[in-house]
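Me: I'd like a close look at one part of this protein. Please take me through it slowly, as I'm new to this.
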Amino acid sequence: MNILLIVSGGIAAYKSIDLCSSLVKQGNDVKVILTKNAENFVTQLPFQTLTKNRVYTSTFEEIDENEIQHIDLTKWADKIIVAPATANLISKFANGIADDLASSLMLAVRDVSRVYIVPAMNTFMYKNPIIQENMNKLIKLGFNFIEPDSGLLACGDVGEGKFPSIEKIKNALFQEIEKDLKDKKVLVTAGPTKEFIDPFRCLTNPSTGKMGIAIANECAKRGAEVILVSSINDDSISNKVKKVKIISTNDMFEAVKNNFKDCDFIIKAAAVSDYTPVQVFDKKVKKQDGNLSIEFKRTQDILKYVGDNKSDNQKVIGFAAETNNLIGYAKEKIIKKNLDYIVANDISKKDIGFGSEDNEVYIIDKHDNIKKIDKNSKNNIAKAIIDVISK
Ligand SMILES: Cc1cc2nc3c(=O)[nH]c(=O)nc-3n(C[C@H](O)[C@H](O)[C@H](O)COP(=O)(O)O)c2cc1C
């Protein structure tokens, strides 16, 4: 594996020499970046000797004319580990500052789930709300953090902030994602439906499908066979997910009906329309004087259909997006639609839910147990939901 090790200017920089040695001994090809301040603690020579590669220290020292270091190194690396990561470097990553090689390079990383950050610093620096906020920002974006140990620190203080053992770092770096959904089949619905009035106008809603897509991707990552029924066709959908494209609520109903029978989990995260026009005009409706009335009829209740027709070993998970009495309505929905779980979120809050990158949800089971998942990225919310329902 190609590993890029970024060492910044903390007292634990000397420990990164052992880490580097251990990664090389394991058979990895390791390249090292030292920040300017790291060179106050360690020199290039041990890293160069251990890795048999030159050590990178400056954005502008382009030794190989075919290489633009801060771009090409990210393409070369399978994994990037920042160890130790100073408070300063973490804050630069979190705020898009790109004033040296390490921080410029981090902005060019396309898939941050390949990045592992090992903070090491004085415990008051580590607990500082600014640093905590910066770390949380990076976690939400998908960066991995390997938590520091607690103990006696170099400065004499005792607490969190200690560089963890090499064993702990390597375990986190190479851990296999648990395939706990292997041999399971999951059907997920996501995104809005469109109920056409005429060839150019439709009734729809602002759902982006991100929550459902995050759930489908998480299930696929954990080894499940996944069918995603959705109107959204987005680059972010894992290529391990089988996509069934739909437009209307009725299309979604047919797709779910045809596919749910052999699924272990049916997760209905789509924002479906409860109504569809009674009459669909085959030509564009022309503007006229006065108001226009359109009559709507109820669409098929897909969630209820699945709840009523599921077998005992199937779990059905619904979503409740409400603006008021969130828990009350969610509990009612579990009973009415014979669900195993409901995931409730408050769509009156502007910073979560519809169209936003984040969500905050309550996972409620049919025995009224409630678990709150605090505001977090939709990927982390998806992980928390799957952790609960797959138990
Ligand atoms: C003796 C000494 C030890 C330091 N140890 C740490 C440390 O463990 N963690 C940290 O975040 N900063 C530490 N610092 C402060 C950083 O060196 C400083 O914030 C620097 O700007 C970091 O630069 P860099 O992030 O570009 O490597 C230390 C400074 C000194 C003088």
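How many Å separate the centres of domain 1 and domain 2? After that, please look closely at the open sheet of five strands: what is its order?

Reply: Happy to help! This is a predicted model, where local features need pLDDT of at least 70 and side-chain atom pairs count only at pLDDT 80 or more, while totals for chains, interfaces and linings use all residues. Residues are numbered from 1 along each chain as its sequence is written.

The centres of domain 1 and domain 2, taken over C-alpha atoms, are separated by 40 Å. Domain 1 covers residues 2-174 and domain 2 covers 185-389, with bounds from an automatic or database domain assignment.

Now to your sheet. Its five strands follow the order β2-β1-β3-β4-β5, and the pairing is parallel. At the edges are β2 (29-34) and β5 (144-145), each pairing on one side only. Here a strand is a DSSP run of E with at least two residues, numbered from the N terminus, and two strands pair if DSSP finds at least two bridges between them. Strands of a sheet pair through backbone hydrogen bonds, either parallel or antiparallel.

Let's zoom in on one edge. Strand β4 (residues 115-119) runs parallel to β5, and two bridges join them. Across this pair, I117 stands opposite F145 in β5.

For contrast, visit D282, in the loop between β14 (275-277) and β15 (296-298). D282 is exposed because it has 6 other C-beta atoms within 10 Å, and 12 or fewer, with C-beta atoms placed from the backbone, count as exposed. From D282 to K185 is 97 residues in sequence and 39 Å in space, C-alpha to C-alpha.

How values were computed
Helices (H or I, at least four residues) and strands (E, at least two) are DSSP runs, numbered from the N terminus. A residue is buried if 20 or more other C-beta atoms lie within 10 Å of its own, exposed if 12 or fewer, and partly exposed in between; C-beta atoms are placed from the backbone.
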